[in-house]
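Reader: Hi! I am new to reading protein models, and I would love a close look at one part of this one. Could you take me through its salt bridges and what surrounds them?

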Amino acid sequence: RWQKIFTIPLWGKFAVFWNKMFLTTIILLIVLFLDAVREVRKYSAVHVSEKAVNINTGAFDHIQMKLFRAQRNLYLSGFSLFLWLVLRRTVTLLTQLAKQMASHAALETQVISATEAAKKYMAENEKLQEALKEQGSGQKKESAEAADGKLKKEVEQLKAELQKTSNALHKANNDVTAVKRQSEGLKREYDRLMKEYEQLQVGGSGSLHEHNV
């Protein structure tokens, strides 16, 4: 399904701008993340200093509200940055998997074709040997032996090609298996991070509610 989606002509037009868009988004998220870190450090220091001098409640609540917003922006920008990298890696793995599956199908077709050709040459070789036994003529026998030797060489070449294609098919199967394992591991890591992100949101909302009370 993903292979069919990625082969749509429309994606080919956007493929040229994909890397530029990815890098631009990464830079934007990094800038937002660094700005959020700066805001958290800034208001954390102000929060501690103002609390130490016991200022009025309104100003203290205002500083605490800004600190909470800075922490929220830090979480959002940090997880957005990480999830954007995860999305990029997921798309790359899906593309590799689609290519490996297509290569796997092509190799299977080559193996079937080589097997059928080898069977055909072996059948012709057997017929030639039977004709050679029936004729028993010296000159014809020599020409038949020459043709038989030629057929044997072709059969050996086909067997070698068949072995080579089988090795390539085995390697392609191993590559597809490795890509599937990477995709499954990435999915499990993504689910774990989403659970942590939901827990952080619940914890952040609880702390804000307690503060407002």
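**A close look at the salt bridges**

Author: Happy to! Let's begin with the whole chain and then zoom in. The protein chain has four helices and zero strands, so its pattern along the sequence reads α-α-α-α. Please keep in mind that this is a predicted model. Of the chain's 213 residues, 19% count as buried. The accessible surface comes to about 15,700 Å², and carbon and sulfur atoms account for 59% of that area. As for contacts, take those between residues at least 6 apart in sequence: 80% of them join residues at least 24 apart.

Now to the part you asked about. How many salt bridges are there in the model? The count comes to two.

One of them is formed by the side chains of Arg38 and Asp35, with a distance of 3.0 Å from N to O. Where do these two residues sit? Both belong to helix α2, which covers residues 9–53. Because they are three residues apart in that helix, about one helical turn separates Arg38 from Asp35. You can also ask how much of each residue is open to the surroundings. Arg38 has a relative accessible area of 44%, which makes it partly exposed. Asp35 is partly exposed too, with a value of 36%.

The other salt bridge brings together the side chains of Glu39 and Arg38, at 2.6 Å from N to O. Is Glu39 buried or exposed? Glu39 counts as buried, because its relative accessibility is 17% and the cut-off for buried is under 20%. Since Arg38 takes part in the bridge to Asp35 and also in the bridge to Glu39, the shared partner links things up: Asp35, Arg38 and Glu39 are joined into one network. When you look at the model, try finding Arg38 and then tracing to Asp35 and to Glu39.

Before we finish, here is another feature that involves helix α2. Phe14 has its place in that helix, and Phe14 is one of the members of a nonpolar patch on the surface. The patch is formed by Ile8, Leu10, Trp11 and Phe14, and together they have about 420 Å² of accessible area. Phe14 itself is partly exposed, with a relative accessible area of 48%. Helix α2 therefore holds Arg38 and Asp35 from the salt bridge as well as Phe14 from the patch.

Conventions:
Residues numbered from 1 in each chain as written. Predicted model: local features only at pLDDT ≥ 70, side-chain atom pairs only at ≥ 80, totals over all residues. Heavy atoms only, no water. Buried < 20%, exposed > 50% of the residue type's maximum accessible area, 1.4 Å probe, protein only. Contact = heavy atoms within 4.5 Å. Areas by Shrake-Rupley, 256 points an atom, 1.4 Å probe, with all protein chains shown as cover. Salt bridge = Lys/Arg side-chain N within 4 Å of Asp/Glu carboxyl O. Patch = residues over 30% accessible without salt bridge, like charges linked within 9 Å, V, L, I, M, F, W, Y side chains within 5 Å.
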